[in-house]
Amino acid sequence: MWRWVLPDSPTALEGPESTQGKCSSSAALHAGRRRNANECCGAYGHGLTWDEMQWLARWCFVRGVNLLYPHAFYYSIRGPRWDERPPDVGPHSPWWGRYREYADVCRRLSWLNTDSQHVCELAILTPSSNLPWRAAKVCFQNQRDFNYLEERELLERSKIGADDIQIAGMTYRALIVEHALDPATRAPWTRSRAQDG
């Protein structure tokens, strides 16, 4: 939303907003939820182009999103609705005649992301308050899929083995830690290393 993520811009891979798609898909996966959603296009302005709208959908799908809410469809854009988080992606948009083409692609990619088996061996550890984007950027640039794994989920719900971390049907063989660990997260790792030692 709000043109925070744009094509041909560092914002697609850098900064806190660049983590949105992987945030929802990782959370849904680890919580055992079938769907995760993204409200895209909202407040991108009346100048949102057909190409930008398609790019935003692909940006979400590559990150594992499997349900899009294109914002918004208005019966009317008269009066104050003109400025109510535009654009109108519905009948008042210049590309309305091509919307079915867009919706069909989104439907197929949503189905693919929903009912396919996600295979990924890489996780990026994250606190619950924010998501690291620097490690994610490197993963995207090198076409390495990953999921965000919250510290709480690592400690409370994961099975940590000698060679992997297992949670919600996923087996992670590598864990990237970009930030300083919370003391509560660090303690079990420290004890484990001392016992192995």
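In this predicted model, the side chains of arginine 107 and aspartate 104 come together in a salt bridge, with N and O 3.7 Å apart. Both residues belong to helix α3, which covers residues 99–115, and they sit 3 residues apart, or about one turn of the helix. Aspartate 104 has a relative accessible area of 24% and is therefore partly exposed. The pair does not stand alone: a network of salt bridges links Arg100, Asp104 and Arg107.

Across the whole structure, a search finds 10 salt bridges. One of them joins the side chains of aspartate 145 and lysine 22, at 2.8 Å from N to O. This pair ties together distant parts of the chain, since aspartate 145 is in the loop between α4 (134–141) and β4 (147–150) while lysine 22 is in helix α1 (residues 20–31), 123 residues apart. The two partners are worth viewing one at a time. Lysine 22 counts as buried because its relative accessibility is 3%, under the 20% limit. Aspartate 145, at 35% relative accessibility, counts as partly exposed. A further salt bridge runs between arginine 157 and glutamate 153, whose closest N and O atoms are 3.6 Å apart. Here arginine 157 is partly exposed at 41% relative accessibility, and glutamate 153 is buried at 6%.

Turning to the overall architecture, the protein has 6 helices and 8 strands. Read from the N terminus, these elements follow the order α-β-α-β-α-β-α-β-α-β-β-β-β-α. The C-alpha atoms fill a box of roughly 70 × 30 × 30 Å along the principal axes. Of the 197 residues, 40% count as buried. Among contacts between residues at least 6 apart in sequence, 68% join residues that are at least 24 apart.

The interior comes next. The largest nonpolar core contains 20 residues, and those touching the most other members are Cys41, Leu48, Met53, Leu68, Trp95 and Tyr102. Helices α2 and α3 each supply at least two residues of this core, with α2 giving the most, 7 residues. Apart from this core lies another one of 9 residues, including Ala123, Leu149, Ile165 and Ile167.

Two members of the largest core show how it is put together. Once neighbours within four places in sequence are set aside, cysteine 41 is in contact with Leu48, Met53, Leu56, His71, Pro86, Pro87 and Val89. Leucine 48 lies in the loop between β1 (37–38) and α2, and its relative accessible area of 2% makes it buried. With its neighbours within four places likewise left out, leucine 48 is in contact with Arg3, Cys41, Met53, Leu56, Pro87, Val89 and Trp95. Leucine 48 and proline 86 are 38 residues apart in sequence, and their C-alpha atoms are 8.7 Å apart in space.

The surface also offers a feature to look at: the largest pocket, with a volume of about 470 Å³. This pocket is lined by 24 residues, of which Leu29, Gly64, Asn113, Ser116 and His118 are the closest to its centre. The elements giving two or more residues to the lining are α1, α2 (50–62) and α3, and the largest share, 5 residues, comes from α1. By residue type, the lining divides into 7 nonpolar, 12 polar and 5 charged.

Finally, a few details of the backbone invite a closer look. Histidine 71 and alanine 72 are joined by a cis peptide bond, with omega about 0°. Alanine 72 is in the loop between β2 (67–68) and α3, while histidine 71 is among the contacts of cysteine 41 described above. Two residues other than glycine have a positive phi value: aspartate 8, near 55°, and alanine 43, near 65°. Aspartate 8 is in the segment before α1, and with a relative accessibility of 86%, over the 50% limit, it counts as exposed. Alanine 43 is found in the loop between β1 and α2, where it is buried, with a relative accessible area of 12%. Leucine 48 has its place in the loop between β1 and α2 as well.

How values were computed. Residues numbered from 1 in each chain as written. Predicted model: local features only at pLDDT ≥ 70, side-chain atom pairs only at ≥ 80, totals over all residues. Heavy atoms only, no water. Salt bridge = Lys/Arg side-chain N within 4 Å of Asp/Glu carboxyl O. Helix = DSSP H or I, 4+ residues; strand = E, 2+ residues; numbered from the N terminus. Buried < 20%, exposed > 50% of the residue type's maximum accessible area, 1.4 Å probe, protein only. 1 Å grid on protein atoms, 1.4 Å probe; cavity = no way out; pocket = protein on both sides within 12 Å on 5 of 7 lines; lining within 4 Å. Points joined across faces, edges and corners; volume = space filled by probe spheres on them. Nonpolar A, V, L, I, M, F, W, Y, C, P; charged D, E, K, R; others polar. Core = buried A, V, L, I, M, F, W, Y, C linked by side-chain atoms within 4.5 Å. Contact = heavy atoms within 4.5 Å.
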